[in-house]
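Reader: Hi! I'm in my first year and I'd like a close look at one part of this model, please.

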Amino acid sequence: MDYQYPISYDWSTSETIEVIAFYTSVEKAYEKGVEREELMTAYKQFKSIVPSIAEEKKLCNELEELSGYSAYRVIQKAKKGAPGDKIKM
């Protein structure tokens with residue numbers, strides 16, 4: 001990983017950790033696959049910290065620019081998946 005995750009300095013330490021856990025789940029989906037439940041739990045935590053759709057899009061677009069990993073595509077695939085699925089991009 002040769003990039004830094006997009007974060008907000010307004011977040012607390014625990015909120016930053018939760019957001020990074022979501023980003024890590026997105027990376028896992030691309031690199032080796034991630035359990036759907038793990039990903040969706042991380043996404044729910046992310047949405048509790050970033051409830052604004054505009055801010056979510058901004059952060060996810062920044063992540064994609066930095067890493068090449070699309071959080072949007074990963075979440076869309078996970079939403080279409082069934083419980084117990086492994087999400088692999």
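Which residue forms a salt bridge with Glu-56, and how far apart are the closest N and O atoms?

Author: Quick note before we dive in: this is a predicted model, where local features need pLDDT of at least 70 and side-chain atom pairs count only at pLDDT 80 or more, while totals for chains, interfaces and linings use all residues. Residues are numbered from 1 along each chain as its sequence is written, and side-chain values use heavy atoms, with hydrogens and water left out.

Now, your question. The partner of Glu-56 is Lys-47, and the closest N and O atoms of the two are 2.7 Å apart. That fits the rule for a salt bridge: a side-chain nitrogen of Lys or Arg within 4 Å of a carboxyl oxygen of Asp or Glu. The idea behind it is that side chains of opposite charge can pair when their charged atoms come close. Glu-56 counts as buried because its relative accessibility is 13% (buried means under 20% relative accessible area, exposed over 50%, partly exposed in between, with a 1.4 Å probe and protein chains only).

By this rule the model has 4 salt bridges, so let's visit some others. Lys-58 and Glu-62 pair up at 3.1 Å, N to O. Both sit in helix H3, which covers residues 53-67, and they are 4 residues apart, about one turn of the helix. (Helices, H or I with at least four residues, and strands, E with at least two, are DSSP runs numbered from the N terminus.) Lys-58 is partly exposed at 49% relative accessibility, and Glu-62 is partly exposed at 28%. Then there's Arg-73 with Glu-64, where the closest N and O atoms are 3.5 Å apart. Arg-73 is partly exposed at 48%, and Glu-64 is partly exposed too, at 30%.

Glu-56 turns up again at the largest pocket: 13 residues line this pocket, and Glu-56, Lys-57, Cys-60, Ala-71 and Tyr-72 lie nearest its centre. The elements giving two or more residues to that lining are H3 and helix H4 (71-80), with H3 giving the most, 6 residues. What's a pocket here? On a 1 Å grid over the protein atoms alone, a pocket is an open set of points where a 1.4 Å probe fits, with protein on both sides within 12 Å along at least five of seven lines, and lining residues have an atom within 4 Å of a point. The volume of the largest pocket is about 240 Å³, taken as the space filled by probe spheres set on the points, with grid points joined across faces, edges and corners. By class, its lining has 6 nonpolar, 3 polar and 4 charged residues (Ala, Val, Leu, Ile, Met, Phe, Trp, Tyr, Cys and Pro count as nonpolar, Asp, Glu, Lys and Arg as charged, and the others, Gly among them, as polar).

One last stop: the rings. There are 7 aromatic pairs, meaning rings of Phe, Tyr and Trp (its six-membered ring) whose centres lie within 6.5 Å; planes under 30 degrees apart count as stacked, over 60 as edge-to-face and the rest as tilted. Phe-22 and Tyr-23 make a tilted pair, 6.1 Å centre to centre with 45° between the planes. The rings of Tyr-30 and Tyr-69 are stacked, because their centres are 4.8 Å apart and their planes are at 20°. This pair links distant parts of the chain: Tyr-30 is in helix H1 (residues 13-31) and Tyr-69 in the loop between H3 and H4, 39 residues apart.
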